[in-house]
Amino acid sequence: MHLIHYIPVLTTLFGFYFFSGLWMHWRGNKKSKHISWWMIGVGCYIAGTITESINTLSGFSVANFKAWYITGALLGGAPLAQGTVYLLFKRKFAHTSALVVAIVIFCTAVLVLLSPIRYENITEGRLAGKILGWTFIRYITPFINIYAFIFLVGGAIYSAIRYARSPAFKKRFLGNVLIAVGGMLPGIGGSFTKFGYVEVLYVTELIGLIFIYAGYLTIRNDKAASLYTVQMKPLIV
């Protein structure tokens, strides 16, 4: 076992630190839907890295593999993206999209739990989607990940463009750029798992979460007023 396989343990610890900050932020205004969804998103992110840590520390198991697929492939980015939806769009669209995404994820998760396992595809205990017996499931997850990419990364890029128009929003521009980069990295790492290089995912998950946290903190500490009504004071972000 190489040291790189222990990176998820570090990511998990950092994730708990990030989660605690979001928790304190949310407690200041429990009606803040975008913060509550980001908190859920980081919680799912942590759940995914916990399964990776278990795989490193205790070895491969079918139950842990399926938990990894659900928390990583299905829930890795969608809840974070939903937070951005609540930030940028009207509540009616945000509520409707949240319901649709939740139904799709739930149904796909059930399929993952019921799917047989292709034991011949288990290589050195590595976690990989090709282990699922029902291969059609792997054609569903890209739609969930595309949704996450559009609203998490795309939403951050959209906000960065809006904030770039004025020097007064320099920090908010930088924060959104950091979030956009952080949102892309796990997706890039996830594509390598299709070829058996799950170690790339471990690295990009940690760096991606650090970037997202740095972006969140940069915006959180900015004194300039937000362009979005849900972030108006007393909310700071």
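Which hand does the crossing of α6 and α7 have, left or right? I will start there and then move on to the other helix pairs, the pocket and the cavity. One note before that: this is a predicted model.

The crossing of α6 and α7 is left-handed. The two helices pack at an angle of about 160°, and their axes are 8 Å apart. Angles over 145 degrees count as roughly antiparallel, and that makes α6 roughly antiparallel to α7. On the α6 side the contact is made by Phe149, Leu152, Val153, Ala156, Ile157, Ser159, Ala160 and Tyr163. On the α7 side the residues are Arg172, Phe173, Asn176, Val177, Ile179, Ala180, Gly183 and Met184. By class, this contact has twelve nonpolar residues, three polar and one charged.

Next, α6 with α4. Helix α4 covers residues 78–88 and helix α6 covers residues 141–163. Their axes come within 8 Å and cross at roughly 45°, so α4 and α6 are oblique to each other. This crossing, too, is left-handed. From α4, the contact takes in Ala78, Leu80, Ala81, Gln82, Thr84, Val85 and Leu88. From α6, the partners are Ile144, Tyr147, Ala148, Phe151, Leu152, Gly155, Tyr158 and Ser159. Sorted by class, the residues of the contact between α4 and α6 are eleven nonpolar, four polar and no charged. Leu152 and Ser159 of α6 are in this list, and both are also in the contact with α7.

The third pair is α4 with α5, where α5 is residues 91–114. The angle here is about 165°, with the axes 9 Å apart. α4 and α5 are therefore roughly antiparallel to each other. The crossing of α4 and α5 is right-handed. Ala78, Gln82, Val85 and Tyr86 in α4 meet a set in α5 that includes Arg91, Phe93, His95 and Ile105. The class split for the contact of α4 with α5 is eight nonpolar, three polar and one charged. Ala78, Gln82 and Val85 of α4 take part here, and these residues also belong to the contact with α6.

Now the empty space, beginning with the pocket. The largest pocket has a volume of about 950 Å³. It is lined by 37 residues, and the closest to its centre are Ala73, Asn145, Pro186, Gly187 and Gly190. Which elements give two or more residues to the lining of the largest pocket? They are α2 (33–58), α3 (62–74), α6, α7 (170–193) and α8 (198–220). The lining of the largest pocket splits by class into 17 nonpolar, 16 polar and four charged residues.

Then the cavity. The count comes to one cavity of 30 Å³ or more. The largest cavity has a volume of about 250 Å³. Of its 22 lining residues, the closest to the centre are Trp38, Leu87, Asn176, Ile179 and Ile219. Asn176 and Ile179 were named earlier, on the α7 side of the contact with α6. Two or more lining residues come from each of α1 (7–27), α2, α4, α6, α7 and α8. Which of these gives the largest share of the lining of the largest cavity? That is α6, with five residues. By class, the lining of the largest cavity has 16 nonpolar, five polar and one charged residues.

To finish, back to α6. This helix packs against α7 at about 160° and crosses α4 at roughly 45°. α6 also gives two or more residues to the lining of the largest pocket, and it gives five to that of the largest cavity.

Conventions. Residues are numbered from 1 along each chain as its sequence is written. This is a predicted model: local features need pLDDT of at least 70, side-chain atom pairs count only at pLDDT 80 or more; totals for chains, interfaces and linings use all residues. Side-chain values use heavy atoms; hydrogens and water are left out. Axes are lines fitted to C-alpha atoms, for helices over the stretch in contact, and angles run from 0 to 180 degrees between N-to-C directions. Helices (H or I, at least four residues) and strands (E, at least two) are DSSP runs, numbered from the N terminus. Angles under 35 degrees count as roughly parallel, over 145 as roughly antiparallel, 65 to 115 as roughly perpendicular and the rest as oblique. A crossing is left-handed if the near helix is turned anticlockwise from the far one by less than a right angle, and right-handed if clockwise. Contact means heavy atoms within 4.5 Å. Ala, Val, Leu, Ile, Met, Phe, Trp, Tyr, Cys and Pro count as nonpolar, Asp, Glu, Lys and Arg as charged, and the others, Gly among them, as polar. On a 1 Å grid over the protein atoms alone, a cavity is a set of points where a 1.4 Å probe fits but cannot get out, and a pocket is an open set with protein on both sides within 12 Å along at least five of seven lines; lining residues have an atom within 4 Å of a point. Grid points are joined across faces, edges and corners, and a volume is the space filled by probe spheres set on the points.
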